[in-house]
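Hi,

Here's the structure I said I'd pass along. Have a look at it first, and then read on for my notes.

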Amino acid sequence: MKLQKWKFSALVPLVASFLLFYLKSSPKPSPSSCSLLPHNHYWITSKRIVTPQGVISGAVEIKEGKIVALVSDGDWRGYIRLGQTLDFGNAVVMPGLVDVHAHLDDPGRTEWEGFPSGTRAAAAGGITTLIDMPLNSDPSTVSEETLNLKLKAAEDNIYVDVGFWGGLVPENAFNATALEHFLRAGVLGLKSFMCPSGINDFPMTNITHIKEGLSVLAKYRRPLLVHAEIQPETADRPDANDDTDSARSYSTYLKTRPPSWEEAAIKELLTVTKDTKIGGPAEGAHLHVVHLSDAGSSLDLIMQAKARGDSISVETCPHYLAFSAEEIPDGDTRLKCAPPIRDAANREKLWDALMDGEINMLSSDHSPTTPELKLLEHGDFLKAWGGISSLQFVLPVTWSFGRKYAVTFEQLALWWSERPAKLAGLDLKGAIAVGNHADLVAWEPGSEFQINTTYPTHMKHPGISAYMGRNLSGKVLATIVGGNLVYNEGKFTPSACGKTILAN
């Protein structure tokens, strides 16, 4: 680098058009420490700029954090006079990624990740906005008071913009007043589990809790995100004290969380999502199924709900698209997550569903922990902490594995930017368009690299990443957040100047 309408009808009217938000920041550091550029008015040029109207060769004008002009190649030279220019040549310039599903573990479990390392990894991966999940921090974010702890922890510690989901748990589900205070405090929506979460202060919800939550969310026109697995009371689970060889086999773990768990949960969800239809008692609410793993009956049920007009959407994650159960080595607990990675045939169906638009978007579900809790030395899939550490690599992973399916740059922007931004109600993010926040990523699709111990990895514990040792394509060159060049070819800004996002 040198100086020189997707169709998502239920979600658009019910969330994006109605949710305003503001950016809350601590006292501003000097501009020079917030950006690797010395100026806040400049142009970006590239032969491949991904816009809502397609890929163009041209230029983007950025001024005071906003996109103020977008011009094609034939016109831009007439616009640019003496202004500063960042020329990315043939590199792809896309809207910055909006990751709506990340666990940053701050406050309380910063030995797992934390805002500084997590948001640096995000910036290095082209992610300009993260929506932090309410659990894995300590305490979990389930009230206005615990949200304030998150906000305090984020002050001067985030390199990208960060918003927050709140937790829907049994203790607040039937307290409409408490939920309304929580929503007015600024969470972008709520998240619940239909199975044990593994976190003591984030207990599971049942369908009655979820129905109550949707009724409150309808008033604020915000989404409920759900971890959709139900553990049957008669589930036949292997004993955690089984012999070591059995516990080291991924197939042993896979049997403990079959697709029927996802199917059972989604069947229950569909008994209440019908209320979100136009004219229904929960019109204005929206239900979003997170990290879908089962591309069979579970996805079929979601498609039926969409067809009848329910306000429902679904995401999957790069690890479900990159890996298959058959290839996971014995003892490699880096690849344990819930719901689990399934077989190769299921992976192909997930890709088909994503390409066909049945799956709406992608998220990282970045869920790190310490190497000790991953039990890497023992390789015990039944006892190890579940979660994939991936934040820095989701763009190159999606591109590397997606090329087989002829994934386009426009599709990447749809799955990773436009649709996630709309889910979170971020009307000024997710697209390179005049008036939007200047959140962009420049990356080189043909640049190959291997993730190894010498590769600059900014997550707190690189060694637990499922992608360690993998060869990928699509290296991120630069990341711009609110007009600030926060990452450029391995360098970060001196100050963490990301902003917290609160719904208004």
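Below is what turned up, going from the core to the charged pairs, the rings and one helix. Keep in mind that this is a predicted model.

**The core**

The largest nonpolar core takes in 108 residues, and Ile210 and Trp443 are the ones with the most contacts inside it. Its biggest contributor is helix α8 (residues 207-220), which puts in seven residues. A second core, separate from that one, has 24 residues, among them Trp165, Leu225, Ala421 and Ala503.

If you want a place to start browsing, try Trp443. Leaving aside residues up to four places away in sequence, Trp443 touches Ala91, Val92 and Met94, then Leu395, Trp399, Phe409 and Leu412, and finally the run Gly474, Lys475, Val476 and Leu477. As a general backdrop, nonpolar side chains in soluble globular proteins tend to be buried together.

**Charges**

The whole structure has 14 salt bridges. A few of them are worth pulling up:

- Asp332 and Arg334 pair up, with 2.8 Å between the closest N and O atoms. Asp332 counts as buried because its relative accessibility is 13%, and Arg334 is buried too, at a relative accessible area of 17%.
- Glu348 and Lys404 form a salt bridge at 3.5 Å, N to O. This pair joins distant parts of the chain, 56 residues apart: Glu348 belongs to helix α14 (residues 344-355), while Lys404 is in the loop between α16 and α17 (409-423). With a relative accessible area of 26%, Glu348 is partly exposed, whereas Lys404 is exposed at 63%.
- Glu418 and Lys422 make a salt bridge with their closest N and O atoms 3.3 Å apart. Both sit in helix α17, four residues apart, or about one turn of the helix. Glu418 and Lys422 are both buried.
- Asp161, Lys429 and Asp439 are joined into one network by salt bridges that share partners.

Now for a charged residue that lacks such a partner. Which side chain of opposite charge is nearest to Asp380? That would be Lys383, 4.3 Å away, and Asp380 has no salt bridge even though it is buried. The cut-off here is 4 Å from a Lys or Arg side-chain nitrogen to a carboxyl oxygen. What the side chain of Asp380 does reach is the backbone nitrogen of Leu382, at 2.9 Å. You'll find Asp380 in the loop between α15 (371-374) and α16 (394-402).

**Rings**

There are 13 aromatic pairs in the structure. Trp351 and Tyr405 make a stacked one, 4.5 Å centre to centre with 15° between the planes. Trp351 is in helix α14 and Tyr405 is in the loop between α16 and α17, so this pair ties together parts that are 54 residues apart in sequence. Both rings belong to buried residues, Trp351 as well as Tyr405. Recall that the Glu348–Lys404 salt bridge also runs from helix α14 to the loop between α16 and α17, so you can view the two pairs in one go.

Phe393 and Tyr455 give a different geometry to look at: the ring centres are 6.3 Å apart and the planes are at 55°, so the pair is tilted. Here again distant parts of the chain are linked, 62 residues apart, with Phe393 in the loop between α15 and α16 and Tyr455 in the loop between β17 (440-450) and β18 (471-481). Phe393 is buried with a relative accessible area of 1%, and Tyr455 is buried at 17%. Ring pairs also link Tyr159, Tyr487 and Phe492 into a cluster.

**Helix α4**

How many of the 10 residues of helix α4 (residues 115-124) are buried? Eight are, so the helix is mostly covered. The buried ones are Phe115, Ser117, Gly118, Thr119, Ala121, Ala122, Ala123 and Ala124. Their cover includes the strands β9 (127-132), β10 (161-164), β18, β19 (484-488) and β20 (491-492), along with helix α5 (144-154). After α4 comes Gly126, which has a positive phi, near 85°.

That's the tour. Shout if anything is unclear.

Cheers

Notes: Residues are numbered from 1 along each chain as its sequence is written. This is a predicted model: local features need pLDDT of at least 70, side-chain atom pairs count only at pLDDT 80 or more; totals for chains, interfaces and linings use all residues. Side-chain values use heavy atoms; hydrogens and water are left out. A nonpolar core is a set of buried Ala, Val, Leu, Ile, Met, Phe, Trp, Tyr and Cys residues joined through side-chain atoms within 4.5 Å. Buried means under 20% relative accessible area, exposed over 50%, partly exposed in between (1.4 Å probe, protein chains only). Contact means heavy atoms within 4.5 Å. Lys and Arg count as positive and Asp and Glu as negative; His and the chain ends are not counted. A polar contact is a pair of N or O atoms within 3.5 Å; within protein, one must be able to donate a hydrogen and the other to accept it, and residues adjacent in sequence count only if both atoms are side-chain atoms. Rings of Phe, Tyr and Trp (its six-membered ring) pair if their centres lie within 6.5 Å; planes under 30 degrees apart count as stacked, over 60 as edge-to-face and the rest as tilted.
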